[in-house]
Amino acid sequence: MTRAEQKLQTRQALMDAARLLMESGRGFGSLSLREVARHAGIVPTGFYRHFSDMDALGLALVAEVGETFRATLREVRQNEFEHQGLIEASTRIFLDAVSANRGQFLFLAREQYGGSQLVRQAIAALRQRITDDLAADLKLMNRMPHLDGDAIDVVADLVVKTVFATLPELIDPPADTLPPHLQPEAKITQQLRFIMIGGRHWRGLGRKAE
């Protein structure tokens, strides 16, 4: 293994260690540099060869889940283009990605309201990039031709915020007493369908329904 490969491996080990510590229920802001380094199997001073501080590690975690999230949504959008918007199938693609990358999405779900301002800002910027991508696709698909660009932006924003808000429910197992229609998978599918059908009947910004 080359030195560059070793450095990348150690950097990834630090990121993995932070996520594993968070899986016990802790927030990123409660983690210390020393314990993350210890769980990664390196001395604390070795941490600084990869990250300047814990916020820098947090930003790297945001970038990592951002790549996973956007790659997943590209697959969802491809499904939408090819199959005329099958919401159930698209939702399943997303849920499978959440299940396969639970640690990444757990970090995202918790830290969008977490203690590090820099991390919160980075997640907000990621959410906006995802929203912009979705808005561009909605305009390209022309499913709501009566809406102008600003109105499409509002629809895209609502879709993305719904997904982000539902992430904690998608990650943690639901209560046994929860009725089927309120199970996370069923609920997000119906919510997204509601948004998309509503968008087709919405008159747009600044226009009152008759």
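This briefing covers model confidence, an annotated domain, helix α9 and two individual residues.

The structure is a predicted model, with a mean pLDDT of 89 over the protein chain. A UniProt annotation from an unreviewed entry, "domain: HTH tetR-type", covers residues 8-69. Helix α9, spanning residues 184-201, has its buried residues on the same side.

**Confidence**

- In the protein chain, 95% of the residues reach a pLDDT of 70 or more.
- Among the elements of the chain, helix α2 (residues 33-40) has the highest mean pLDDT, at 96, whereas α5 has the lowest, at 84.
- Where pLDDT is low, the predicted coordinates should not be read in detail.

**Annotated domain**

- Over residues 8-69, the range that the UniProt record labels "domain: HTH tetR-type", the chain is 69% helix and 0% strand.
- The C-alpha atoms at the two ends of residues 8-69 are 21 Å apart.

**Helix α9**

- Helix α9 consists of 18 residues, and the distance from its first C-alpha to its last is 26 Å, close to the 26 Å expected at 1.5 Å a residue.
- Its buried residues are Pro184, Ile188, Thr189, Leu192, Ile195, Met196 and Gly199.
- These buried residues lie on the same side of α9 because they cover an arc of only 135 degrees around the axis.
- An α-helix has 3.6 residues a turn, so residues three or four places apart point the same way.
- The cover over the buried residues of α9 includes α5 (87-100), α7 (117-141) and α8 (149-171).
- Phe194 and His201 are exposed residues on the face of α9 turned away from its buried side.

**Ala186, in helix α9**

- Ala186 is located in helix α9 and counts as partly exposed because its relative accessibility is 28%, between the limits of 20% for buried and 50% for exposed.
- Leaving aside neighbours within four places in sequence, Ala186 contacts Pro180 and His181.
- A separation of 9.5 Å is found between the C-alpha atoms of Ala186 and Thr91, although these residues are 95 places apart along the chain.

**Thr72, in helix α4**

- Thr72 belongs to helix α4, which comprises residues 54-83.
- With a relative accessible area of 7%, Thr72 is buried, since buried means under 20%.
- Not counting residues up to four places away in sequence, Thr72 touches Ile93, Phe94 and Ala97.

Conventions. Residues are numbered from 1 along each chain as its sequence is written. This is a predicted model: local features need pLDDT of at least 70, side-chain atom pairs count only at pLDDT 80 or more; totals for chains, interfaces and linings use all residues. Side-chain values use heavy atoms; hydrogens and water are left out. UniProt positions are given in the numbering used here, feature names are shortened, and annotations may be inferred rather than shown by experiment. Helices (H or I, at least four residues) and strands (E, at least two) are DSSP runs, numbered from the N terminus. The expected span of a helix is 1.5 Å times one less than its number of residues. Buried means under 20% relative accessible area, exposed over 50%, partly exposed in between (1.4 Å probe, protein chains only). The arc is that of the directions from the helix axis to the C-beta atoms. Contact means heavy atoms within 4.5 Å. pLDDT is the predictor's confidence in each residue, from 0 to 100.
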